[in-house]
Amino acid sequence: MSDRNLAIIVLAAGQGTRMKSATPKLLHPLAGAPVVGHVLATARALDAAHVLTVVRHERDLVAATVEAQLPGVVIVDQDEIPGTGRAVEQALAALPADFDGEVLVLNGDVPLLDADSLAAFLAQHRATRSAASVLSAIYDDPHGYGRIVRSESGAFDRIVEQKDADETERGIAEINAGIYAFGAAALRDQLANLTTDNAQGEKYLTDVIELLRSAGSEVEAVPVSEPWLVAGINDRAQLSETAARLNALIVRGWQLNGVTVEDPATTWIDLTVRIEPDVTIRPGTQLKGATVIETGAVVGPDTTLVDTEVGARAEVKRTDATLSVIGEGASVGPFSFLRPGTVLGADGKIGAFVETKNATIGRASKVPHLSYVGDTEIGEGSNVGAGSITANYDGVNKHRTVIGSHVRTGSHGVFVAPVTIGDGAYTGAGTVVRKDVPAGALAVNVAPQRNIDGWVQQHRAGTAAAQAAGAALEAAGSDAE
């Protein structure tokens, strides 16, 4: 049941110029989701009755992403008046007129702040019945942040910005994290008093705190348990730092859930990945999207899996796979490239330097090495010889190759689609298959070998090859005497 007395406002209107990117800051990927997606997931976990997101820069793109991440969210457009205070003012106006609960204000670029930490913050805000609560953090280096100034008794007094702080205030380690909880009525009253009479010409949300204190209302500052929880992302360096922190948490979580991660520093796992116990992840592995790995599988080293299913006890090493399915007990790699639509059956094999695409390879069938298999169906227990190619494209259309069960194809074969190889058939080495092969037949089309004696000496006279051939023939003649 949703919390009827809770509304969450996510601020997502900023331009994020320090990212120096054509992509809006909040849409940069982070562990399988856009930055703002993590904040929206936290809002969902808090089960608020109302979630509103304020947008402006790249409005349509940001709004579409927000709605995809959290269906049912209310999109609020910030007008020409800049500032966080104005953003909250417009969001509050979009709430039902009779809403009188708590309003939690989150920043869309603070993705690590989890639902448990916010729930504790909100619970304390409600318990103290404060008009507002400010989430704070203790930083070793607070430079650049607004400081939380407290009275001698330790009670919240005010927020002072870095540029306005005196020497004593700059020495304060407790900073304003920019996350707030307000009583809706008190917030409405003071938002009406905000002005743009400042150097930046903006309506600042922090001014609401000062107005509440001036009116004699209670305001509390609540330190978060770990300072990194409220770290924001303003540039690519901070994005990288946040990604590393989040990934370390994800990897540790899987380790505690029974997954062996041999080298956490080189292993990257998206939040959307699912891994069963007793899986081993070797160094240099990236697991992305909706990848699922079942019990007993070994993945890596140097492997990237995107939206790929790996069955129990399968082994996948030095492989790049996307939108593929690898059956239980199967073997893939090294240096395999599985493109979308690849399905490898149980106990099957895709070996070294093999590329597959839109291919179903049946149980216990093998494509061991140096081959391309595209738009193909292979039955059970078949073996595709080294260096084979399914020629699936005629320059205009793609065509399918069907290889039956228990087929043996010779090395360096080419299958010119559309073509079908019947169950139990064989093809000779170097065969170009242009027409269907019946079940149990042997297909060969290689011309008989012809040797032209003396060709090298006649056509390549003076070369090292001619000299070597002459010496060999002379030695052979001597032996024959």
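A cavity is a set of grid points where a 1.4 Å probe fits but cannot get out, and its lining residues have an atom within 4 Å of a point. The views below show a predicted model.

**View 1. The largest cavity and its lining.** His-38, Val-39, Thr-42, Leu-106, Asn-107, Val-110, Pro-111, Leu-113, Leu-118 and Ile-179 line the largest cavity. About 60 Å³ of space lies inside. α1 gives the largest share of the lining, three residues. Both α1 and β6 supply at least two residues each. By class, seven lining residues are nonpolar, three are polar and none is charged. The whole structure holds two cavities of 30 Å³ or more.

**View 2. The second largest cavity.** The volume here is about 30 Å³. Ala-12, Gly-14, Pro-24, Leu-26, His-57 and Val-62 form the lining of the second largest cavity. Four of these lining residues are nonpolar and two are polar. Charged residues are absent from the lining of the second largest cavity. Leu-26 is also among the residues that Asp-109 touches.

**View 3. The second largest pocket.** This pocket has a volume of about 390 Å³. Its lining counts 20 residues. Nearest the centre lie His-38, Ala-41, Pro-111, Leu-246 and Leu-271. α1, residues 35–46, and α8 each contribute at least two lining residues. The largest share of the pocket lining is five residues, and α1 provides it. The lining divides into eleven nonpolar, six polar and three charged residues. His-38 and Pro-111 also appear in the lining of the largest cavity.

**View 4. The annotated binding site.** An unreviewed UniProt entry carries the annotation "binding site" for Asp-109 and Asn-234. The two residues span 126 residues in sequence, yet their C-alpha atoms are no more than 7.7 Å apart, so they gather at one spot. Each sits in a loop: Asp-109 between β6 (102–107) and α4 (115–128), Asn-234 between β11 (219–223) and α8 (236–256).

**View 5. Asp-109 and its contacts.** Asp-109 is buried because its relative accessible area, 15%, is under 20%. Residues up to four places away in sequence are not counted in its contacts. On that basis, Asp-109 touches Lys-25, Leu-26 and Val-35. Asp-109 also touches Ala-231, Gly-232, Ile-233 and Asn-234.

**View 6. Asn-234 and its contacts.** Asn-234 is partly exposed, with a relative accessible area of 23%. Neighbours within four places in sequence are again left aside. Asn-234 is then in contact with Arg-18, Met-19, Lys-25 and Asp-109. Lys-25 thus belongs to the contacts of Asn-234 and to those of Asp-109.

**View 7. An edge-to-face tyrosine pair.** The model has three aromatic pairs. One of them joins Tyr-139 and Tyr-145. The centres of these two rings lie 5.0 Å apart. The angle between the planes is 90°, and the pair is edge-to-face because that angle is over 60 degrees. Tyr-139 is buried, with a relative accessible area of 12%. Tyr-145 is partly exposed, with a relative accessible area of 32%.

Note on methods
Residues are numbered from 1 along each chain as its sequence is written. This is a predicted model: local features need pLDDT of at least 70, side-chain atom pairs count only at pLDDT 80 or more; totals for chains, interfaces and linings use all residues. Side-chain values use heavy atoms; hydrogens and water are left out. UniProt positions are given in the numbering used here, feature names are shortened, and annotations may be inferred rather than shown by experiment. Helices (H or I, at least four residues) and strands (E, at least two) are DSSP runs, numbered from the N terminus. Buried means under 20% relative accessible area, exposed over 50%, partly exposed in between (1.4 Å probe, protein chains only). Contact means heavy atoms within 4.5 Å. On a 1 Å grid over the protein atoms alone, a cavity is a set of points where a 1.4 Å probe fits but cannot get out, and a pocket is an open set with protein on both sides within 12 Å along at least five of seven lines; lining residues have an atom within 4 Å of a point. Grid points are joined across faces, edges and corners, and a volume is the space filled by probe spheres set on the points. Ala, Val, Leu, Ile, Met, Phe, Trp, Tyr, Cys and Pro count as nonpolar, Asp, Glu, Lys and Arg as charged, and the others, Gly among them, as polar. Rings of Phe, Tyr and Trp (its six-membered ring) pair if their centres lie within 6.5 Å; planes under 30 degrees apart count as stacked, over 60 as edge-to-face and the rest as tilted.
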